[in-house]
Amino acid sequence: MATADPNFIHLSSPQKENGVSESPGQLDAGALFVLKSRGSWLHSGYHLTTSIVGPVIFSFPFALSLLGWAPGLLITTLQALITFYSYNLLSVILDHHAQLGKRQLRFRDMTRDILGPRWGKYFVGPLQIAICYGAVIGCILLGGQSLKFIYLLYNPSGKMQLYQFITIFGTVPLFLAQIPSFHSLRHINLASLLLVLAYSACIVAGSIHIGNSRNAPNKDYSIKGSKENSILGAINGISIIATTYGCGIIPEIQATIAPPVKGKMFKGLCVCFGVIVSTYFSVAISGYWAFGNQSQPSILSNFMDENRPLLPSWFLLLTNIFTLMQLVTITVIYLQPTNEVFEKWFANPKMDQFSARNVMPRLILRSLSVIIGTTLAAMFPFFGDIMALFGAFGVIPLDFILPMVLYNLTFKPSRQSIVFWANTLIAVASSALVAMGALASVRQIILDAKTYNLFANV
């Protein structure tokens, strides 16, 4: 006859759906309040698209200029296939544990259960928070730069500084950061998906127009520089392409899906990669076709010729407005991991989510998070170079190495199987990419070091 465990606490169905631990009395406020499992597979597609596809695609023509037509398109295609495969592996692992009755809602939960508690607490958790918060700072910086671009477009002799535009942009996510849960962002992230399609169409149309105009640049597709610089440039191009597919919050996105979760994330990935294929390749091909090896790190820079726009001002304004609006949504989605940690540490899960006891810490901590991020973006306008280094050490391990290791440890495929060796090969190749990406990032930091000044107006 079975006896009742005096330490066992029966949890309601909603608590189980939100990943609350069934260990004695531990109610996880971060899971209950931020990672609510109420969404559909379509909502996960919106979240995935916002977390992966952004203005980073403006660098694709530049990446192709470092690699050339055939290698560039081959690596872009190969990375897309590897990324889809990797994210689907993570989803399969999460589905497996959910079917066993232990749904994992966070990256650190996965690594804790599969690799051990120290991996989740001391490696994956801090690494994910650093990468996501770095993305927040980077988006606020890009938002400020985009606002400044619009300002100078209509007032070329204007005296406003970059830090002022960064501060203005930061006020928007300051308010949107108070949206209580990840699931609550579904409509905003649908708008984000549409904005991506809109500004990608603008970039493609602008590139084709300039490429066919009288002022079209000479279309030279050769690789510039010495052999040594060409090799380093190719490494940089590969690193750029790899990190543009980065996400870092796949488990948290799957956590928003209502149970049963099996197979739903795959559909969401299909939605996301439909957007990726239609935007990444169109921007890369049209931009590189138009500007060749003169492609700039941001394709928008190619739309200006010595501060003279090559396209109508209204067109550039529209493109930048679409970009600005989408940067806000990316900022908010990458605030979710820190929001979840704040709720876990400071909220009381036994009280209502909107009680004064829980609302006040949420309001203060989320506001401080955005204010600090805005301040750092204004202080370090060269943060993009630093973030590229963090991306090499963070995004690639989280998105392209750990999924392979976790899958092999969870399902233990035969060492004679294709799956085992494919996963191993991808993990090893990605590890090499970490080293190459770090090398390219350090080189870029050294090259740009002379322009580094606090609150620089770049």
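## A tour from one serine outward

Begin by selecting Ser-207, which lies in helix H9, the helix formed by residues 186–211. The model on display is a predicted one.

**Around Ser-207.** Is Ser-207 buried or exposed? Ser-207 counts as buried, because its relative accessibility is 0% and the cut-off for burial is under 20%. Next, display the partners of Ser-207 that are more than four places away in sequence: Ser-286, Gly-287, Trp-289, Ala-290, Phe-291, Ile-299 and Phe-303 are in contact with this residue.

**Helix H7 and Ile-137.** Now move to helix H7, which comprises residues 117–154, and select Ile-137 within this helix. Ile-137 has a relative accessible area of 5%, so this residue is buried. Add Pro-381 to the selection: 244 residues separate Ile-137 and Pro-381 along the chain, whereas their C-alpha atoms are 9.8 Å apart.

**Helix H15 and its cover.** Select residues 336–346, which form helix H15. Which residues of helix H15 are buried? They are Gln-336, Pro-337, Thr-338, Asn-339, Glu-340, Val-341 and Glu-343. To view what covers these residues, show helix H2 (29–34), helix H6 (107–114), helix H14 (313–333) and helix H16 (356–379), which are included in the cover. Helix H7, visited at the previous stop, is also among the elements covering the buried residues of H15.

**Helix H5 from end to end.** Turn to helix H5, residues 69–99. How far apart are the end C-alpha atoms of helix H5? The distance between them is 45 Å, and this agrees with the expected span, because 31 residues at 1.5 Å a residue should also give 45 Å. After H5, select Gly-101, where phi is positive, near 95°.

**The whole chain.** Finally, show the protein chain in full, with secondary structure drawn: there are 18 helices and two strands. Along its principal axes, the C-alpha trace extends about 85 × 60 × 35 Å. The radius of gyration of the protein chain is 23 Å, which agrees with the value near 23 Å for a compact globule because the chain has 458 residues.

Colouring by burial would mark 54% of the 458 residues as buried. Among contacts with a separation of 6 or more, 81% join residues 24 or more positions apart. A surface display covers about 20,100 Å² of exposed area, 68% of which comes from carbon and sulfur atoms. As a last selection, show the 30 positive and 18 negative charges of the protein chain, whose mean positions lie 1 Å apart.

How values were computed. Residues are numbered from 1 along each chain as its sequence is written. This is a predicted model: local features need pLDDT of at least 70, side-chain atom pairs count only at pLDDT 80 or more; totals for chains, interfaces and linings use all residues. Side-chain values use heavy atoms; hydrogens and water are left out. Helices (H or I, at least four residues) and strands (E, at least two) are DSSP runs, numbered from the N terminus. Buried means under 20% relative accessible area, exposed over 50%, partly exposed in between (1.4 Å probe, protein chains only). Contact means heavy atoms within 4.5 Å. The expected span of a helix is 1.5 Å times one less than its number of residues. The radius of gyration is taken over C-alpha atoms; the globule rule is 2.2 Å times the number of residues to the power 0.38. Accessible areas come from the Shrake-Rupley method with a 1.4 Å probe; for residues, only the protein chains shown count as cover. Lys and Arg count as positive and Asp and Glu as negative; His and the chain ends are not counted. The place of a charge is taken as NZ of Lys, CZ of Arg, CG of Asp or CD of Glu.
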